Amino acid sequence: MWMFGRKKKPVLDRVLSSSQPNLCCPPPGSDRPTLCHLVLSQHASSCPGRASFPNLPGGLRESAGDSGSATAQPGAAEAPLPSPGMYQLDIVLKSGKNLAARDRGGTSDPYVKFKMGGKEVFRSRTVHKNLNPVWDEKVSLLLESLCEPLYVKVFDYDFGLQDDFMGSAYLYLESLELGRQLDVTLDLKDPQQPEHKLGTLQLAVTLSPKEGDFQDANILFRKTWKRSTKQQPHQSVRLSDIHRKAQLWRGIVSISLIEGRNLMPMDANGLSDPYVKFRLGYQKYKSKTMSKTLSPQWREQFDFHLYDEHGGVVDITVWDRDARKRDDFMGRCQVDLSVLSKEHTHKLELPLEEGEGLLVLLVTLTASAAVSISDLSANLLDDPLERQNILNRYKLLRSFHNVRDVGVVQVKVIRAEGLMAADVTGKSDPFCVVELSNDRLQTHTVYKNLNPEWNKVFTFNVKDVHSVLEVTVYDEDKDRSADFLGKVAIPLLNIRNGERKSYGLKNKALTGPTKGVIYLEMDVIFNTVKAGLRTLTPAEQKYLEEEPRVCKQLLQQNFLRVKRCVLFLINIGSYINSCFEWESPKRSLTAFLLFILAVWNFQLYMIPLSLLLLLVWNYLRVALGRDPRHGSMKEMEDMLEDEDDELDKEDSERKGFMDKLYAIQDVCISVQSALDEVASYGERIKNTFNWTVPFLSCLAIVVLSIGTVVIYFIPFRYIVLIWGVNKFTKKLRDPYNIDNNELLDFLSRVPSDVQVVQYQELRQDPSQSPNKRKKNNPG
């Protein structure tokens, strides 16, 4: 039903950008502003299949038909129609009526999502226990096109469970009249059961053009949209130089936290729960907590990057962990790196200031060739002599020379196309950040451009061939932090040397696509033996990581991952049990004969041999096209599809929720992390035998082959004896040795199913390429 009233100046609660990737229909205009579908006689080729509106609600369908007939006149296509550069869509979510009951007692806790182009642009608050909720929430969207409909979905909120679907509807923006507020009733439907009525939503919608009004829009949206400021060329160069200087590191500072002695008691029982914080510039580390002790034994190692040629000062503080209140301060100390010699391990016993006791540390400064950035013309690997020198540096004959220097990777950042518009003017100021572990470099900024060309070459030292190269595109802002535009993650082992390739940009979580593509060319050279040895040592910890937080969706996702692994084991047990039950006589007889033969002739070398045969079997399946990984990756993609929806809750609701659950927050995070760790290791074991990372599967073949031969020729009792003697004498031979588990270190390099989905490339549709869109939309 259409209701007309005097236009009021909208009061905006929030301002969001739809950032629609589909610019198939240029928005028209006329002397009296109308809508896109009124001129479909001219633009039918731009928006195919949208000449009629069978899915419109009653009032919208009738009005659309009338408007269309009013403008379909001879000669209408001859007059050029002005096209505004952008639209503003103001929506007031009023209320819902007769919504579906999803909870016990015949009620629901409804909330509403708005989506455009597959991306969530608004989420309402939750109204508890109400089938006729009243929201009265306002939202304003900036649109580049009217061809993409607004998708409205209603859900019932369930804490700890999957939210229940309560219906959806489409609002076709071509059916809205410009400059007029319209009251719209949307009938909610279930696409699986369209005959069921799931209630209605009441909206008030106003569509207005933004042509020539960017200055006013800039003032209106300044809290959410970045102000477009015209930068001078010398400012760009100076900013690039500052960033470059801050990103280049000159060496590595390795700190081993060994133990503490005679620390201050902070608890009523005369003991403490100490942990240590380290800080060097903006690099931070935190040790594990040792419970109920005044002489903790940590045996942990932390690596810092040294950016100052003259060293620096590492600030160290000791804290007592308290679950119910603020942690207690136990003392501080410092390490002045400028007085320590390089390439030498220093044992330091540091007394704590403002506290009691001391800390025992081992500090090693290692000089390293700095990472570098240059123009495309100064390409290191394009010089045949330099390339040959690097190849000689990492040849097999030098496998045991400087084992930490595994290889080198060169990344050419060529250009990007079709980036998201982050400014109100429909442009962006993009720059690109390239990260490899804790090394981070960035390009200069290209102002007012959605198709920037950087033509920069980045060179990194490879310390771990299983590292992931992350390339992120940001929009520079003078007054606040940069806006995220897109990201790709590329494992080094997936790089094909010398291949110039386009990568579709993904969102922050790397679970779905965003707008634009980036063109990269990469080369990686490494020593295979060094890479294999490095795989059996602890992976480098990344210090630029977000703090963990409680997230219902992530908790549920990790639970489902563990459930998949448990169900896999249950299915194997059921299969074995079916042999005992003789459900299939032929299969049971075969299993019985194999069991007798295996037990009668069992030797220990058969254990790694059987795992070796499993690896070979799965390799043959992959080679023959029957990939065993396809099904699990499809399930993981579906699981991650709506992960970002649950992370974008309103701040007020999250704050109230966290205040209520503050006492159990640490428990929730621990459970969430434990589920993630269990699921990840289960998936990594599976992916080792599925040839997800061929290098690791080949390394597993080598290790299993050696294990098979060793166990075959050497009696098992001698192997156990050697292992036991080594374990008992290790601390005597090296009292400061940091223990590790080679098997877990190996598995930590195998990607889990989540990481495989994050690292895989997006399949690009040639019909949706930025170049083609540009041809179809020359304006």
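1. In this predicted model, a good place to begin is strand β14, which spans residues 313–320 and is joined to β15 by eight bridges, the two strands running antiparallel. Within this pairing, T317 has R332 of β15 as its bridge partner, and a reader can use that pair to find the two strands in the structure.

2. The pair belongs to an open sheet of four strands, arranged in the order β12-β11-β14-β15 with antiparallel pairing. The edges are taken by β12 (283–286) and β15 (328–336), each of which has a single partner strand, so one side of each is left without a neighbour in the sheet. From one strand to the next, the twist averages 15°. As general background, the strands of a sheet pair through backbone hydrogen bonds, in either a parallel or an antiparallel manner.

3. Another open sheet of four strands follows the order β4-β3-β6-β7, and its pairing is likewise described as antiparallel. Here β4 (119–123) and β7 (164–171) are the edge strands, each pairing on one side only, while the twist from one strand to the next averages 25°.

4. Inside the sheet with the order β4-β3-β6-β7, strand β3 (residues 110–116) and strand β6 (residues 150–156) pair in the antiparallel sense over six bridges. For orientation along these two strands, V112 may be located first, since V154 in β6 stands opposite V112.

5. Turning to the helices, a nonpolar surface patch of about 980 Å² is made by V702, I706, V709, V710, Y712, F713, I714, Y718, L721 and V725. The elements that contribute two or more residues to this patch are α14 (694–713) and α15 (716–733), and the largest share, six residues, comes from α14.

6. Among the patch residues is L721, which lies in helix α15. L721 has a relative accessible area of 53% and is therefore classed as exposed, the cut-off for that class being over 50%.

7. Which residue of helix α14 deserves a look on the buried side? S697 lies in that helix, and with a relative accessibility of 0% S697 counts as buried, because the buried class takes residues under 20%. A polar atom of the S697 side chain lies 2.7 Å from the backbone oxygen of T688. Helix α14 thus holds the buried S697 and also gives six residues to the nonpolar surface patch, and a reader may wish to view these two features of the helix together.

Note on methods
Residues are numbered from 1 along each chain as its sequence is written. This is a predicted model: local features need pLDDT of at least 70, side-chain atom pairs count only at pLDDT 80 or more; totals for chains, interfaces and linings use all residues. Side-chain values use heavy atoms; hydrogens and water are left out. Patches are made of residues with over 30% relative accessible area and no salt bridge: like charges are joined within 9 Å, nonpolar side chains (Val, Leu, Ile, Met, Phe, Trp, Tyr) within 5 Å. Accessible areas come from the Shrake-Rupley method with a 1.4 Å probe; for residues, only the protein chains shown count as cover. A salt bridge is a side-chain nitrogen of Lys or Arg within 4 Å of a carboxyl oxygen of Asp or Glu. Buried means under 20% relative accessible area, exposed over 50%, partly exposed in between (1.4 Å probe, protein chains only). Two strands pair if DSSP finds at least two bridges between them. Axes are lines fitted to C-alpha atoms, for helices over the stretch in contact, and angles run from 0 to 180 degrees between N-to-C directions. A polar contact is a pair of N or O atoms within 3.5 Å; within protein, one must be able to donate a hydrogen and the other to accept it, and residues adjacent in sequence count only if both atoms are side-chain atoms.
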